[in-house]
Amino acid sequence: PSMDIVVRYKRSWNIQEALDQHAVLCHQKDILTKIGSNRLRVRRTQLQFAKLEVEDALDRVRKSPTSTVGDASKTLAIAGQVRRAAQELALASRLKDMDESVVHQQLAVADEEVEQSRLEMKLMKQAIDDKTVVLATDDPVPKQSPVPNDERKIFYCTNCKVGGHGQRFCEYFLKRPEWQIYPYQKWFEDEKNNEYHCPLGKRLVDFADESHFSRIAMYIKGRVWLEDKTKMFELVPDLMPETYVINDCQWVDGKDPSDHGRPDLPWFVKEADRNWGTSVHVCAKASQCMELAKPGALYVVQQHIKDPLLMDDGRKCHIKFYVMLMCLEDGRTWKLYTFKDGYLSISPHIWSADDLSKETQVTIIRTERIQGWKPWPDAYPKCKAGVAEVIRRGVAQGKLEGRLGKRQFEILSADFIVDTRGDVWLFEFNMSPVLKDAHDSQETNDADMIMHALDIVVPREGGSPGLWDFAGEFVG
């Protein structure tokens with residue numbers, strides 16, 4: 001049987017997972033120990049037989065009569081037997097040594113896997129015994145920890161499996177030596193049998209993707225004003241292309257675009273609360289837009305901007321512009337940061353106003369880093385100012401709300417298109433943008449961007465803002 005290690009240690013997020021994993025890893029070690037023992041027993045037996053064969057061959061040489069020694073052909077035959085026996089002995093010795101090395105190496109790895117899981121269970125036990133982790137309540141202001149943050153040696157994060165980037169942020173916090181896992185438990189189950197989780201004992205931890213149980217919320221209160229395209233147009237109509245709204249197959253407020261006097265550019269019909277381009281439909285005229293709407297659905301309708309700035313080879317592109325928004329524990333002070341790097345999403349086809357295919361008109365996939373794009377130095381400050389204006393109005397109008405006693409933050413992206421005059425047009429925010437870690441892509445990943453964003457949200461010794469650029473402070 002193979003000595004391959006099939007099961008590897010993997011970080012567990014609750015106690016049962018940790019116990020089950022430890023049992024599996026211990027069982028794997030026991031099996032490997034038995035396989036290794038049997039394999040070495042076989043190799044040692046083979047070596048003993050090979051030694052006996054050599055001794056027998058040498059004994060035959062010693063007992064050979066003088067007549068045999070004097071016969072060249074018989075002497076060569078006896079010498080060949082000795083040589084073959086010696087070769088088989090050398091091979092058996094090498095195989096034994098090789099298998100001993102493999103067995104010892106694989107058992108050492110199996111031991112290390114078991115030790116990692118044992119240490120994980122130990123740390124989970126210490127976490128649930130930590131009296132500084134208080135119970136989460138429904139009070140407007142969460143309870144403070146009995147120990148001030150600057151005196152604490154351990155901080156806790158819980159992956160409640162909400163989705164989004166919660167687990168990713170936990171993984172980055174756990175790279176810091178002072179952060180540990182606080183296990184989760186089942187919280188409740190809804191009528192559709194969806195299971196929800198919370199920190200064990202319904203405790204309030206330093207970070208969790210379930211905001212009620214976290215001192216740092218990873219979802220901005222009022223985020224719908226950024227996510228919903230119709231609401232964002234209410235907030236900043238001057239920063240976006242002219243926008244119309246269809247609700248349940250009716251033009252909202254009776255405002256509908258006509259074909260008369262319009263440039264020959266495509267029209268886009270987008271579901272208001274969805275991203276990723278899957279909900280975008282393209283047509284040639286304003287009068288065709290209503291045909292693409294479904295009953296009960298909400299859409300924004302926009303015509304393609306005039307004179308889009310294309311790539312040198314004529315392909316359409318848009319800017320994927322990353323933003324980090326944070327509100328402090330006072331519930332009033334907002335801080336905005338924009339990332340100096342980003343991505344271009346580029347169509348695979350040459351752009352033409354007559355080509356209504358999604359591949360040509362709807363750019364979705366992050367194609368390349370933006371730093372080498374010539375218009376970027378001019379476009380960046382305009383994108384930064386545009387996002388700052390959105391947040392300024394959102395805070396001033398009370399659309400973006402603080403959480404008293406809790407810090408909240410979100411990493412999001414904004415989609416901009418630049419025209420040939422150098423103006424930038426804001427189309428939408430993506431509240432759960434694509435983020436990639438180093439193991440996803442060594443060359444094109446967002447590891448530094450995420451790490452430095454968390455350095456801003458939760459400062460640490462040796463941390464830095466990296467390429468995050470302070471874009472403004474707003475007080476509500």
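Q: In this predicted model, how do the residues lining the second largest cavity divide into nonpolar, polar and charged?
A: The lining includes Val133, Val134, Leu204 and Val205. Arg152, Asp206 and Arg215 also belong to it. By class, the lining has five nonpolar, two polar and three charged residues.

Q: How much space lies in the second largest cavity?
A: The search covers the whole structure and finds two cavities of 30 Å³ or more. Thr132, Ser145 and Tyr156 are among the residues lining the second largest. Its space is about 50 Å³.

Q: How many charged residues are in the lining of the largest cavity?
A: The largest cavity holds about 60 Å³ of space. Its lining consists of Gly164, His165, Phe169, Met218, Tyr219, Glu410, Ile411, Met431 and Ser432. Five of these residues are nonpolar and three are polar. Glu and Asp count as charged, as do Lys and Arg, so Glu410 fills that class. The charged count is one.

Q: Which strands give two or more residues to the lining of the largest pocket?
A: About 580 Å³ of space lies in this pocket, the largest. It is lined by 35 residues, with His318, Lys320, Thr363, Ile364 and Asp415 nearest its centre. The elements that give two or more residues are E9 (267–271), E12 (315–327), E15 (366–369), E16 (407–418) and E17 (424–430).

Q: How many residues in the lining of the largest pocket are charged?
A: Lys320 and Asp415 are among the residues that lie nearest the centre of this pocket. The lining as a whole has 14 nonpolar and eleven polar residues. The charged residues number ten.

Q: Which residues lie nearest the centre of the second largest pocket?
A: This pocket holds about 460 Å³ of space. Its 22 lining residues divide into eight nonpolar, four polar and ten charged. Nearest the centre are Asn149, Phe155, Asp206, Ile216 and Glu329.

Q: In what order do the five strands of the open sheet run?
A: E11 pairs with E7 in the antiparallel sense over five bridges. E11 also pairs with E9, again antiparallel and over five bridges. The edge strands are E8 (250–251) and E10 (280–283), each pairing on one side only. The order is E8-E7-E11-E9-E10.

Q: Which residue in E11 is the bridge partner of Tyr244?
A: Tyr244 falls within E7, residues 243–247. The partner lies in E11, residues 298–303. Val269 stands opposite this same E11 residue, Val301. The bridge partner of Tyr244 is Val301.

Q: Which residue in E11 is the bridge partner of Phe268?
A: E9 pairs with E11 in the antiparallel sense. Val269 stands opposite Val301 in E11. For Phe268, the partner is Gln302.

Q: How many of the six residues of E11 are buried?
A: E11 has strand partners in E7 and E9. Buried here means under 20% relative accessible area. E11 is mostly covered, and the buried count is five.

Q: Why is Leu309 classed as partly exposed?
A: Leu309 sits in the loop between E11 and E12. Buried residues are under 20% and exposed ones over 50%, so a value in between counts as partly exposed. Leu309 is partly exposed because its relative accessible area is 23%.

Q: Which residues is Leu309 in contact with, leaving aside its neighbours within four places in sequence?
A: Contact needs heavy atoms within 4.5 Å. Leu309 belongs to the loop between E11 and E12. Its contacts are Cys317, Trp373, Pro375, Val418, Asp419 and Thr420.

Q: What distance separates the C-alpha atoms of Leu309 and Asp206?
A: Asp206 helps line the second largest cavity. Leu309 and Asp206 are 103 residues apart along the chain. Their C-alpha atoms are separated by 45 Å.

Conventions. Residues are numbered from 1 along each chain as its sequence is written. This is a predicted model: local features need pLDDT of at least 70, side-chain atom pairs count only at pLDDT 80 or more; totals for chains, interfaces and linings use all residues. Side-chain values use heavy atoms; hydrogens and water are left out. On a 1 Å grid over the protein atoms alone, a cavity is a set of points where a 1.4 Å probe fits but cannot get out, and a pocket is an open set with protein on both sides within 12 Å along at least five of seven lines; lining residues have an atom within 4 Å of a point. Grid points are joined across faces, edges and corners, and a volume is the space filled by probe spheres set on the points. Helices (H or I, at least four residues) and strands (E, at least two) are DSSP runs, numbered from the N terminus. Buried means under 20% relative accessible area, exposed over 50%, partly exposed in between (1.4 Å probe, protein chains only). Two strands pair if DSSP finds at least two bridges between them.
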